[in-house]
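Please examine the sequence and the model shown below before reading the dialogue.

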Amino acid sequence: CYYTLRKQKPERSEKINPITEQLIEETYMFCYKRLNNPTDAEDLAQDIIYEAYKALHSGRKIYSFHAP
């Protein structure tokens, strides 16, 4: 049998995702500490993570997700 080896681009699902479950949880906790309301904190955290995903998928790089 003869096999041709070639480099293949990694699939989207194989790329490293910088938005982890830990980051999502930390974002929620940050929002909850500021708002002191679980529903509002969840909504705001969801908006923040959504905007981060949009930025990544548009090709922009996120150098720091946390404020200095």
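The dialogue that follows treats the fold, the two helices and the loop between them.

Student: On what basis are the values computed, and which pLDDT is needed for side-chain atom pairs?

Tutor: Residues are numbered from 1 along each chain as its sequence is written, and side-chain values use heavy atoms, with hydrogens and water left out. This is a predicted model, in which totals for chains, interfaces and linings use all residues, local features need pLDDT of at least 70, and side-chain atom pairs count only at pLDDT 80 or more.

Student: How many helices and strands does the protein have?

Tutor: Helices (H or I, at least four residues) and strands (E, at least two) are taken as DSSP runs, numbered from the N terminus. By that assignment the protein has two helices and zero strands.

Student: What percentage of the residues count as buried?

Tutor: Buried means under 20% relative accessible area, exposed means over 50%, and partly exposed lies in between (1.4 Å probe, protein chains only). The protein has 68 residues, and the share of them that counts as buried is 13%.

Student: How much area does the protein expose, and what share do carbon and sulfur atoms supply?

Tutor: Accessible areas come from the Shrake-Rupley method with a 1.4 Å probe; for residues, only the protein chains shown count as cover. The protein exposes about 6,600 Å². Of this area, carbon and sulfur atoms supply 53%.

Student: What span should helix 1 have, and how far apart are its end C-alpha atoms?

Tutor: The expected span of a helix is 1.5 Å times one less than its number of residues. Helix 1 has 15 residues and should therefore span 21 Å. This agrees with the separation of its end C-alpha atoms, which is 21 Å.

Student: Which residues of helix 1 are buried, and what do they pack against?

Tutor: The buried residues of helix 1 are Leu23, Thr27 and Cys31. Seen down the helix axis, they fall within an arc of 70° (taken from the directions from the axis to the C-beta atoms), so they line one face of helix 1. On the other side of helix 1, Glu21, Gln22 and Lys33 are exposed. The buried residues of helix 1 pack against helix 2.

Student: Which aromatic pair does a search of the whole structure find, and how are its rings arranged?

Tutor: A pair of aromatic rings is described by the distance of the centres and the angle of the planes. Rings of Phe, Tyr and Trp (its six-membered ring) pair if their centres lie within 6.5 Å; planes under 30 degrees apart count as stacked, over 60 as edge-to-face and the rest as tilted. The search finds one aromatic pair. The rings of tyrosine 28 and tyrosine 32 have centres 6.1 Å apart and planes at 20°, so the pair is stacked.

Student: Where do tyrosine 28 and tyrosine 32 lie, and which residue of helix 2 is in contact with them?

Tutor: Both tyrosines lie in helix 1, four residues apart, about one turn of the helix. Tyrosine 28 is partly exposed at 23% relative accessible area, and tyrosine 32 is partly exposed at 29%. Contact means heavy atoms within 4.5 Å. Leaving aside neighbours within four places in sequence, Tyr28 and Tyr32 are the contacts of a residue in helix 2, namely proline 38.

Student: Which residue in the loop between helix 1 and helix 2 has a positive phi although it is not a glycine?

Tutor: The residue comes just after helix 1, and its phi is about 55°. At 61% relative accessibility it counts as exposed. It is asparagine 36.

Student: Which residues of helix 2 are buried, and what is the arc within which they fall?

Tutor: Helix 2 comprises residues 38–57, and its buried residues are Ala41, Ala45, Ile49, Ala52 and Ala55. They line one face of helix 2, because seen down its axis they fall within an arc of 115°.

Student: Which exposed residues does the opposite face of helix 2 carry?

Tutor: What covers the buried residues of helix 2 includes helix 1 (21–35). The face turned away from the buried side of helix 2 carries the exposed residues Thr39, Gln46, Tyr50 and His57.

Student: Which residue follows helix 2 with a positive phi?

Tutor: The phi of this residue is near 100°. The residue is glycine 59.
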